[in-house]
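Trainee: Got a minute to go through a fold with me? I'd like to start with the cysteines and then move on to the sheet and the core.

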Amino acid sequence: MSPATASAEKIFAANRAEGRIALTVAAAGGVTRRRRVAEQGSLRVRCPGQVGRELEAILVNTAGGMAGGDRFSIEIAADAGARLVVGTAAAEKVYRATGDATEVSARLAVAPGATLRWLPQETILFDRARLNRRIDVEMADGASLVLAEAIVLGRSAMGERVEAGELIDRWRIRVGGRLVFAESVRLSGAIAARLAEPAAAAGGCAIATVLLVPGGEPQVAAVRAQDFAGEVGVSSWNGIAVARLVARDGAVLRRDLTRVLAALDRGPLPKLWLN
């Protein structure tokens, strides 16, 4: 390796963003408050107040987006009886990677009688972006969870298209130590061609998953009673319900996702969703 190449790699590594958040909330007198907050690097968490009966936590990435080689870690814990809704200040953007992927890890813990709603705004992937994300949830028996994630591959309104890149997304949900949901999604290489296939997204570029624990047929029926502009499928098994959404663009996806969450009737959206 030449000195110039080595110097360029050191400069690139020094400019990679890293961030970590650890937030624990607890209930006292029927009110949920922050018990522990730790912030490191470019990630911040702010709690502007209550949304209904829940404490609202807003995640902020001061790096202004994510790029290849960036590393982010999020740990959220809701103690017994606490009620927390987690959102983001804006849609998160993942930019083109020239080398390593963007790494994101989220670990969520929900104690007995606690409710956690994980409702970030969309993650937007740009062409040639590489995102490797993992979400791990540990729930106690008697806890409640709403987990919603939306991904938009290119902003259609701005003429953007994700021709190639990589998305690796792993979810693991455990209740009382039992694995109840495990999913690994991988889109790599010619992403646009894959999404164009009828059995994939039929040309859509916006996808989302909503997971509800506990969930069952009443929630499935409530979602199926709605009218959607895109495609929405929902089913339940073993005490959980899952909805899948596909849309032609991010605007349609957000409208459909909002209707799915309203049908589940687990609480209002974070305030910044409505801006």
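**Cysteines, strands and core**

Mentor: Sure. Keep in mind that this is a predicted model. To start us off, Cys 47 has 19% relative accessibility, so Cys 47 counts as buried.

Trainee: And Cys 205, is that buried or exposed?

Mentor: The cut-off for buried is under 20% relative accessible area. Cys 205 comes out at 11%, so Cys 205 is buried.

Trainee: How many disulfides does the structure hold?

Mentor: A disulfide needs two cysteine sulfur atoms within 2.5 Å. On that criterion, the number of disulfides here is 0.

Trainee: On to the sheet. Which strand does strand 5 join through 8 bridges, apart from strand 1?

Mentor: Strand 5 (residues 71-78) runs parallel to strand 1 (residues 18-28), with 8 bridges joining them; there, Gly 19 sits opposite Phe 72. Another 8 bridges, again in a parallel arrangement, link strand 5 to residues 102-110, which form strand 8.

Trainee: What is the bridge partner of Ile 76 in strand 8?

Mentor: Ile 76 is also among the residues with the most contacts inside the largest nonpolar core, which has 51 residues. Its bridge partner in strand 8 is Leu 108.

Trainee: Leu 147 is on that most-contacts list too. Which tryptophans is Leu 147 in contact with, leaving aside neighbours within four places in sequence?

Mentor: With those neighbours set aside, the contacts of Leu 147 include Leu 108, Ile 135 and Val 137. Thr 209, Val 210 and Leu 211 are also in contact with Leu 147. The tryptophans it touches are Trp 118 and Trp 171.

Trainee: How many residues are in the other core, apart from that one?

Mentor: Val 51, Ala 150, Leu 257 and Leu 269 are among its members. The count for that separate core is 29 residues.

How values were computed. Residues are numbered from 1 along each chain as its sequence is written. This is a predicted model: local features need pLDDT of at least 70, side-chain atom pairs count only at pLDDT 80 or more; totals for chains, interfaces and linings use all residues. Side-chain values use heavy atoms; hydrogens and water are left out. Two strands pair if DSSP finds at least two bridges between them. Helices (H or I, at least four residues) and strands (E, at least two) are DSSP runs, numbered from the N terminus. A nonpolar core is a set of buried Ala, Val, Leu, Ile, Met, Phe, Trp, Tyr and Cys residues joined through side-chain atoms within 4.5 Å. Buried means under 20% relative accessible area, exposed over 50%, partly exposed in between (1.4 Å probe, protein chains only). Contact means heavy atoms within 4.5 Å.
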